Amino acid sequence: MSKVVTLHEFIMDRQADFPYATGELSRLLSDIAIASKIVSKDVRRAGLLENFLGAQGNTNVQGEEQQKLDVIADRQFINMFRTGGEVCGIASEENDDYMAFDNETSKKGKYVVLFDPLDGSSNIDVNVSIGTIFSIYRRKSEAGTLANLDDMLQKGTDQVAAGYVLYGSSTMLVYTTGKGVNGFTLDPYIGEFCLSHPNMQMPESGRIYAMNEGNINICEEGIKEYIQTYCQQTLEGHNRPYSGRYIGSLVADFHRNLIKGGIYIYPDTITDPEGKLRLLYECNPLAFIAEQAGGLATTGRKRVMEIEPERLHQRIPFFVGSKKMVEEAMSCLK
Ligand code: AHG
Ligand code: MN
Ligand code: MN
């Protein structure tokens, strides 16, 4: 039997890869793991607890209806970041503006975290996989001062680390610090994330496509062309079709494609002319992981991680997955 490697041991071992590391990033990643264990516990029991399922009764800054678990997860992570001491400020999909932590320890923190506390909100009440997505940057402002907007609006290529936690049939944490991608499964009996998917590689191509095809008539022609030419069976029936798999939780669709090979597409549409997914909380972190695993993430026209962010809640068209499939989809866009 091989030795069980816990996430904590793994993070500590990897710290040596960064010669000047002071341990703050390691502590931050450990804090994220702890917060996600708490959220995982809440997700697992949500149907039994009062005030855990259903809508909160407000819409967030994105104009989307907040679910109670969106707010619970958001508070849990923010509390961990505020008290951990490594983070000087955060921005979350659920809050109108970024937050600069004003206690003295946090003001000295080196990092900012941008995150989607609960991705796939529409799946919460129906027991379908949901997740948390996070992105970590080094602050640009001086340590000891309050974090500012420039700290939040950094390009994806500046990410120090990114990851997600999937509350699926098991809870998994997948992350990268720019040296490959590793996945850890939460062992509920010992309460630890244990290395289960070392050095994850996204297959270069695959046979799964994920898109909300209800939107097919309100997006540009090239999308229809890609779906019909590459993904679906022709009337003559010569090509073997891909399988359409759309969970509606980006993080879960992404995770499946990372393991099996596939493409996820959320293009701009007539109703969402900038696309739907958020550059800072969803696209950049998953783009970093995709690239680190050998995949690709673009807007259909350019590399996601090179976009200079202009707004906190900026949305973009998003094409992510197996390299060859994303390239084929891009070739259909004029
Ligand atoms: P969130 O729950 O964080 O608001 O994100 C939902 C996102 C993404 O997870 C999912 O793939 C997509 O929105 C689904 O959108 P449609 O319902 O328009 O297909
Ligand atoms: Mn989301
Ligand atoms: Mn969300």
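**α7 and what follows**

I started just past helix α7, where Gly261 takes a positive phi of about 90°. Helices here are DSSP runs of H or I with at least four residues, strands are E runs of at least two, and both are numbered from the N terminus. I'm working on a predicted model, in which local features need pLDDT of at least 70, side-chain atom pairs count only at pLDDT 80 or more, and totals for chains, interfaces and linings use all residues. Residues are numbered from 1 along each chain as its sequence is written, chains are lettered from A and ligands numbered from 1 in the order in which they are written, and side-chain values use heavy atoms, with hydrogens and water left out.

Next I looked up how covered α7 is: nine of its 11 residues are buried. Buried means under 20% relative accessible area, exposed means over 50%, and partly exposed is in between (1.4 Å probe, protein chains only). Among the buried ones I noted Leu250, Phe254 and Leu258.

**Salt bridges**

I counted a salt bridge wherever a side-chain nitrogen of Lys or Arg is within 4 Å of a carboxyl oxygen of Asp or Glu. By that rule there are 16.

One sits in α7: Arg256 meets Asp253 at 3.0 Å, N to O. The two are three residues apart, about one turn of the helix. Arg256 counts as buried because its relative accessibility is 15%, and Asp253 counts as buried at 0%.

Then I checked helix α9 (residues 323-331), where Glu327 and Lys323 lie four residues apart. Their side chains pair at 3.1 Å, N to O. Glu327 is partly exposed at 37%, and so is Lys323 at 33%. Glu328 and Lys324 pair at 3.8 Å, N to O; being four residues apart in α9, they are separated by about one helical turn. Here the cover is mixed: Glu328 is buried at 17%, while Lys324 is partly exposed at 39%.

I also jotted down a salt-bridge network linking Glu64, Glu93, Arg278, Glu282 and Arg315.

**The manganese ions**

Which residues hold the manganese ion (ligand 3)? I found Glu93 (OE), Asp116 (OD) and Leu118 (O), at 2.2 to 2.3 Å. Donors are N, O and S atoms within 2.8 Å of the metal (3.2 Å for Na, K and Ca); water is not among the atoms, so sites may look incomplete. Along the chain, the spacing for ligand 3 reads E-x22-D-x1-L.

For the manganese ion (ligand 2), the protein donors are Asp116 (OD), Asp119 (OD) and Glu282 (OE), at 1.8 to 2.2 Å. Asp116 in strand β5 (residues 111-119) and Glu282 in helix α8 (residues 279-292) are 166 residues apart, so this pair links distant parts of the chain. Asp116 bridges the two ions, which lie 3.7 Å apart. I looked up the cover too: Asp116 is buried at 0%, Leu118 is buried at 0%, and Glu282 is buried at 1%.

**Gln159**

My last stop was Gln159, in the loop between α5 (149-152) and β7 (161-167). Gln159 counts as buried because its relative accessibility is 7%. Its side chain has a polar atom 2.9 Å from the backbone oxygen of Gly156, and it reaches the backbone oxygen of Asn284 at 3.1 Å.

Technical notes. A polar contact is a pair of N or O atoms within 3.5 Å; within protein, one must be able to donate a hydrogen and the other to accept it, and residues adjacent in sequence count only if both atoms are side-chain atoms.
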